[in-house]
Protein chains: 2
Amino acid sequence: MTELLQGATRTEALAPLLAQGWTETPDRVAIEKRFVFRNFNEAFGFMTRVALMAEKRDHHPDWRNVYRTVEVTLSTHDAGGLTTKDTELAQRMDEAAAYV
Amino acid sequence: MTELLQGATRTEALAPLLAQGWTETPDRVAIEKRFVFRNFNEAFGFMTRVALMAEKRDHHPDWRNVYRTVEVTLSTHDAGGLTTKDTELAQRMDEAAAYV
């Protein structure tokens, strides 16, 4: 099982994500971000790229799509909080969003 | 603009959907359904088929995906409630869910 991020390791792993618009949930077990695209085509194109990455990693987002917006929540449920699975997927999602 | 469903027309259009697990939101401006698949592959496959239909119709769902579940809300915002755009998309979604 991937270990929970804690202490300085956690702070260091989250810093670049917080700088890119991710926020921690109040209970600190997840990170969230709202991606806004130009239209549904771009939003769902992003989701499709992320779906393939998520399936390959066997680590999936909790996400909501309303037309051109995609609200994402990432957490590692079997670890009870944030792990590198989340921070790495978050980074990949930012990269995928930059492609459109 | 597509007209709001009202009266007997509304009742008749909703009946088959309510029988298939759709429910009206308390404010009656939307219908909802929770689709449960066997895994993420099936859930996102369903979403991809629906995305293509939604884009073609220019009528999009509000939906949330968590691993193998997809929670859908349909409403026609510029009409302020349910129209045939919603009932038709709901029917197509049930058909798409049956393919997997």
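**Two chains sharing one sheet**

A:Asp62 has B:Val66 as its bridge partner in E3(B). That pairing belongs to a set of 5 bridges that join E3(A) to strand E3 (residues 62-66) of chain B, and these two strands run antiparallel. The model is a predicted one. Its 8 strands form an open sheet with antiparallel pairing, and chain A can be laid on chain B by a turn of 180°.

**The sheet**

- The strand order is E1(A)-E2(A)-E4(A)-E3(A)-E3(B)-E4(B)-E2(B)-E1(B).
- The edges of this sheet are E1 of chain A and strand E1 (23-24) of chain B, each of which pairs on one side only.
- Strands of a sheet pair through backbone hydrogen bonds, in a parallel or an antiparallel sense.
- Within chain A, strand E2 (residues 31-36) pairs with E4(A) in the antiparallel sense over 6 bridges; one residue pair here is A:Glu32, whose bridge partner in E4(A) is A:Thr73.
- E3(A) pairs with strand E4 (residues 69-74) of chain A, also antiparallel, over 5 bridges.
- Two positions of E3(A) can be followed into E4(A): A:Arg64 has A:Glu71 as its bridge partner, and A:Asp62 stands opposite A:Thr73.
- A:Thr73 is therefore named in two pairings, with A:Glu32 as bridge partner and with A:Asp62 opposite.
- In chain B, E3(B) and strand E4 (residues 69-74) pair in the antiparallel sense over 5 bridges, with B:Asp62 opposite B:Thr73 in E4(B).

**The hairpins**

- The hairpin of E3(A) and E4(A) has 2 residues between its strands, and A:Tyr67 takes a positive phi near 50° there.
- In chain B, the hairpin of E3(B) and E4(B) has 2 residues between the strands, with B:Tyr67 at a positive phi near 50°.

**The interface between chains A and B**

- Contacts involve 15 residues of chain A and 15 residues of chain B.
- The size of an interface is often given as the accessible area lost when the parts come together. Here the area buried between chain A and chain B is about 1400 Å², and carbon and sulfur atoms give 61% of this area.
- A:Phe40, A:Phe44 and A:Trp63 supply 34% of what chain A buries against chain B, more than any other three residues.
- Between the two chains there are 2 salt bridges. One of the residue pairs in such a bridge is A:Asp62 with B:Arg64, where the closest N and O atoms are 2.5 Å apart.
- The chains also have 4 residue pairs in polar contact, counting pairs with both residues at pLDDT 80 or more.
- On the side of chain A that touches chain B, helix H2 (40-57) and strand E3 (62-66) of chain A each supply at least two residues.
- H2(A) gives the largest share of that side, 7 residues.
- Sorted by class, the side of chain A that touches chain B holds 8 nonpolar, 4 polar and 3 charged residues.

**How the two copies are related**

- Two copies of a chain are related by a rotation about an axis and a shift along it.
- For chain A laid on chain B, the turn is 180°, the shift along the axis is 0.0 Å and the RMSD is 0.0 Å. The two copies are thus related as by a two-fold rotation axis.
- A:Arg64 has the C-alpha nearest the axis in chain A, at 2.0 Å from it.
- Both copies use the same surface, as 100% of the contact residues of chain A recur in chain B.

**Salt bridges in the whole structure**

- Over all chains, a search of the whole structure finds 16 salt bridges.
- A pair within chain A is A:Glu24 with A:Arg10, whose closest N and O atoms are 2.6 Å apart.
- A:Glu24 belongs to strand E1 (residues 23-24) of chain A and A:Arg10 to helix H1 (residues 7-19) of chain A, so this pair ties together parts that are 14 residues apart in sequence.

Technical notes. Residues are numbered from 1 along each chain as its sequence is written. Chains are lettered from A and ligands numbered from 1 in the order in which they are written. This is a predicted model: local features need pLDDT of at least 70, side-chain atom pairs count only at pLDDT 80 or more; totals for chains, interfaces and linings use all residues. Side-chain values use heavy atoms; hydrogens and water are left out. Contact means heavy atoms within 4.5 Å. Buried area is the accessible area (1.4 Å probe) that two parts lose on being put together, summed over both. A salt bridge is a side-chain nitrogen of Lys or Arg within 4 Å of a carboxyl oxygen of Asp or Glu. A polar contact is a pair of N or O atoms within 3.5 Å; within protein, one must be able to donate a hydrogen and the other to accept it, and residues adjacent in sequence count only if both atoms are side-chain atoms. Helices (H or I, at least four residues) and strands (E, at least two) are DSSP runs, numbered from the N terminus. Ala, Val, Leu, Ile, Met, Phe, Trp, Tyr, Cys and Pro count as nonpolar, Asp, Glu, Lys and Arg as charged, and the others, Gly among them, as polar. Two strands pair if DSSP finds at least two bridges between them. Copies are superposed by least squares on the C-alpha atoms of residues with pLDDT of at least 70 in both.
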